[in-house]
Amino acid sequence: MNAMDTQLEAKQRRRIHLIDLNDFSVDWWKSLLEKAHDIMLFPDKYAHACDGKIMGTLFYEPSTRTQMSFQTAMLRLGGTIIGFDNPQTSSVAKGENLKDTTKIVSGYADVMVMRHPVEGAVKAAALTADCPVINAGDGGHLHPTQTLTDLLTLWEEKGTLEGLTIGLCGDLKNGRTVHSLIKAMSCFKDNRFVLISTPELALPGYIKDIFSAKGIEYKEVNTLEKAIPELDVLYMTRIQQERFATKEEYLAQKGNYILTREKLLDAKKDLCILHPLPRVDEIEVAVDDDSRALYFKQAKYGMYVRMALILSIIYNEKTTMKLVKGSEYPVISCSNPRCITKQEKYLPHLFSKFGDMCTCEYCDARNLI
Ligand code: NCD
């Protein structure tokens, strides 16, 4: 091994990627919230923290808040940005695979933020990237930086992340923000969950399993009205039209849950109404004037927590992570048709085995061996 290889090896070991918040400790999340708070109070202190650094933003899917808050975060830290928000204007349109596009950009940038419509795609990119990679949403799977945004909002507005009754309403099946938020809030003491959805859009089994594994109280209900009075937090979500197989299936779900001022009459005075946005029709505009509607504030908190995240990832402050936890099993194939391994055939088949089951390292689908 020559000196260059040894250096690269060492760099690889130090590099951290944010694919799933649960790859990191709760203490690390809290350190980001504290840093974000400090940035809000003293922005000037951080104005040159990323001078000379470059962030690549690769958005294979539409985005307003996530993309622009990341870009603004980097600009406010003194860094610059490159990237695309429409893969059709990049060589992806010529048929370039995920590995090549992301490998190349990761050689230009100091940190790469990526959103992709396929589950596990960001982890797949991180496997071969030459810089840290941040998951800005991978299909209907996870959205860890939205969860950091949600945690900061609750921390700032409620003053605690514990002992909360949290209602999640809408598309719990395809809503990646819901999956990441539940995984995170399950790590704090005495939180309870109320899942409000139709049976068709219920939470996936692998997320529900977290409740049973940790002995967390939860219930599933199908009306918003019944759930509202006991909630401390109401997390509304959009029905994820782009994840439905047919328009008819989407139309059957659209408009089933709409938060109105009237429905809030029985809500707690200090309820926090959150929404990752964009909103379609699930919160009527009149609710915006209610002091409990925090979703616009929430979007702004997202910029500060992403500033804290960029700093931590680029300067790799006191943390480590293991990108691949399982092993390669070439003969096993993931059963999830929406898994990135179905699209990018060169990817190693990575699984964590438990009993006669195994979990796909990319998309978290459970597979029978
Ligand atoms: C969410 C997303 O992209 O998952 N938006 C966001 O990042 N703030 C929610 C959604 O699209 O419904």
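This is a short talk on the pockets, the cavities and the ligand site of one structure.

Hi everyone, and thanks for having me. Please keep in mind that what you have on screen is a predicted model.

Let me start with the layout. The domain assignment splits the chain into three: domain 1 takes 3-142 + 301-315, domain 2 takes 145-299, and domain 3 takes 328-368. If you want a feel for the spacing, the C-alpha centres of domain 2 and domain 3 are 29 Å apart.

Now to the pockets. The largest pocket has a volume of about 480 Å³, and 21 residues line it. Look for Asp20, Asn22, Lys183, Thr359 and Asp364, which are the lining residues nearest its centre. Two elements give two or more residues each to this lining, namely helix H8 (205-214) and strand S12 (357-360). Of the elements, H8 contributes the most, with five residues. For those of you thinking about chemistry, the lining of the largest pocket comprises ten charged, seven nonpolar and four polar residues.

The second largest pocket holds about 410 Å³ of space. It has 20 lining residues, and Arg115, Arg176, Arg238, Leu277 and Pro278 are the closest to its centre. Helix H3 (65-76) and helix H7 (176-185) are the elements that supply two or more residues here. The class count for the second largest pocket is ten polar, six charged and four nonpolar. As for domains, at least three lining residues come from domain 1 and at least three from domain 2.

On to the ligand. Which residues surround the ligand? Going along the chain, they are Thr66, Arg115, His143, Gln146, Arg176, Thr177, Arg238, Gln240, Pro276, Leu277 and Pro278. You may recognise some of those names: Arg115, Arg176, Arg238, Leu277 and Pro278 came up a moment ago as the residues closest to the centre of the second largest pocket.

Let's look at some polar contacts. His143 places a polar side-chain atom 2.7 Å from an oxygen atom of the ligand. For Arg238, an N or O atom of the side chain is 2.8 Å from a ligand oxygen atom. For Arg115, a polar side-chain atom lies 3.0 Å from an oxygen atom of the ligand. And how much of the ligand's accessible area does the protein cover? On its own the ligand has 320 Å² of accessible area, and the protein covers 95% of that.

Last, the enclosed spaces. How many cavities of 30 Å³ or more does the structure hold? There are two. The largest cavity has about 70 Å³ of space. Its lining includes Arg65, Thr66, Gln146, Pro276, Leu277 and Arg306. H3, helix H6 (144-158) and helix H11 (295-315) each give two or more residues to that lining, and H11 gives the most, with five. By class, the lining of the largest cavity has six polar, four nonpolar and two charged residues. Domain 1 and domain 2 both give residues to this lining, so the largest cavity lies between them.

The second largest cavity has about 50 Å³ of space. Among the residues that line it are Gly170, Arg238, Gln253, Tyr257 and Glu282. Its lining divides into five polar, three charged and two nonpolar residues. Notice Arg238 in that lining; Arg238 is also one of the residues around the ligand.

That's my tour, and I'm happy to take your questions.

Definitions and conventions. Residues numbered from 1 in each chain as written. Predicted model: local features only at pLDDT ≥ 70, side-chain atom pairs only at ≥ 80, totals over all residues. Heavy atoms only, no water. Domains from an automatic or database assignment. 1 Å grid on protein atoms, 1.4 Å probe; cavity = no way out; pocket = protein on both sides within 12 Å on 5 of 7 lines; lining within 4 Å. Points joined across faces, edges and corners; volume = space filled by probe spheres on them. Helix = DSSP H or I, 4+ residues; strand = E, 2+ residues; numbered from the N terminus. Nonpolar A, V, L, I, M, F, W, Y, C, P; charged D, E, K, R; others polar. Near = heavy atom within 4 Å. Polar contact = N/O pair within 3.5 Å; in protein donor to acceptor, adjacent residues only side chain to side chain. Areas by Shrake-Rupley, 256 points an atom, 1.4 Å probe, with all protein chains shown as cover.
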